[in-house]
Amino acid sequence: MPDLIIIDITENEKILLDESLNKKEIKGSGRITIKNPSKESKLWNLGCDLKETVHTTINTREINIGTLNPSQEYIMNYDIQNLKEPSLKIIESFYSNKELIDKVTNISLFKPDTDYKLQLNLINLRKHPISNVNITRNLPEIFQDIEVKTPTIGFASINVNDGIKILNWDITILEPEQKAELEITLKVKFTNIESFSLGSLKGTYLINNFKLTLLNPEIRGLTDSISRIHRTETSQPDIWNCSVDFINKSNFQIRIEEVKVSQEVESGGKIVVSQTPNRLLNPEESWNYDFTVESENVPELNSTVEFTPLYAVITRVKGEIVKESRIYSR
């Protein structure tokens, strides 16, 4: 397979929620990585037009990259502004005998041998699938007799790490606007404590083929090639059979866009060939064009070829949501 220039756009959204799931902070950042994946071919005269930089800290559309040697990368970091909501919505509810007790923080509310329920709901707010969803939640020591119900999507379990019980919920794919629910039942057991933490929550996820910004990069440049002109005298006086050849000598797939050949004559240069092939050439493939010119002597011909290596754009969003713990006290 021929190589393509890789434009990798990885953006991040980080959200901090308070104990009542109110948004305290949302931050966005991104990184553009332009990669020369070839082990042999060099790229030069590289320029990237980002098209649209609104809501970013990037202060120019045009990026002058210059040269990328084999396996070399160009990296640009930026911040994303005006983010409103995360891509994944998390709802956490704590019940006692079907009564919602999320807003109450008095420890005396908790009664021994009473059944409690902790419910987590996830909603994909995007029109793109969200993958690699992982929810972890610390569970306080006073939670006993914990039973994890089978979630509507994914797999959930309780792990113990350094004596701390951790709820872990993994979802491979959450489809656009899809919802998922997990419920655990438990009892609360404690004596003579003044306060306890309900436990913090963290969620991470990935959205492939998606970005938070309007960046739409286009890249142009040059790579290894050969352009040459052949001249052959014919049996007709002063008539020459000619051809212009262009060969892709790189490991990249390229697009040959425009070819012009000029002939030097007494009055100056005149265009004898003007072609727009718009052809894709794989490594070692060539394009040629035959033409004739009139000249008493071997014709002086010069060619200019416009071409550019092709590229692929990869986008993804990585998300992280942290919910602070609710504190119960006397």
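How many nonpolar, polar and charged residues does the lining of the second largest pocket have? The views below take that up, along with another pocket and the core, all in a predicted model.

**View 1. The second largest pocket and its lining.** Here's the count by class: nine nonpolar residues, three charged ones and no polar ones. The space inside comes to about 170 Å³. Look for Ile15, Leu17, Leu21 and Lys23, then Glu85, Pro86, Leu88, Lys89, Ile90 and Ile91, with Leu125 and Ile321 finishing off the lining.

**View 2. Strands S1 and S6 at the second largest pocket.** Strand S1 (5-17) and strand S6 (88-96) each chip in at least two lining residues. S6 takes the largest share, with four residues.

**View 3. The largest pocket, with about 200 Å³ of space.** Two stretches of residues show up around this one: Gln263, Glu264, Val265 and Glu266, plus Glu294, Ser295, Glu296, Asn297 and Val298. Sorted by class, the lining has four charged, three polar and two nonpolar residues. Strand S19 (residues 254-265) provides the largest share of that lining, three residues.

**View 4. Inside the largest nonpolar core.** This core has 72 residues, and the ones touching the most other members are Ile32, Ile34, Leu122 and Trp169.

**View 5. A closer look at Ile32 and the residues it touches.** Leaving aside residues up to four places away in sequence, Ile32 touches Ile7, Asp8 and Ile9, as well as Leu50 and Ile58. Ile32 also touches Tyr74, Ile75, Met76 and Tyr78, and further along the chain there's Leu215.

Methods:
Residues are numbered from 1 along each chain as its sequence is written. This is a predicted model: local features need pLDDT of at least 70, side-chain atom pairs count only at pLDDT 80 or more; totals for chains, interfaces and linings use all residues. Side-chain values use heavy atoms; hydrogens and water are left out. On a 1 Å grid over the protein atoms alone, a cavity is a set of points where a 1.4 Å probe fits but cannot get out, and a pocket is an open set with protein on both sides within 12 Å along at least five of seven lines; lining residues have an atom within 4 Å of a point. Grid points are joined across faces, edges and corners, and a volume is the space filled by probe spheres set on the points. Ala, Val, Leu, Ile, Met, Phe, Trp, Tyr, Cys and Pro count as nonpolar, Asp, Glu, Lys and Arg as charged, and the others, Gly among them, as polar. A nonpolar core is a set of buried Ala, Val, Leu, Ile, Met, Phe, Trp, Tyr and Cys residues joined through side-chain atoms within 4.5 Å. Buried means under 20% relative accessible area, exposed over 50%, partly exposed in between (1.4 Å probe, protein chains only). Contact means heavy atoms within 4.5 Å.
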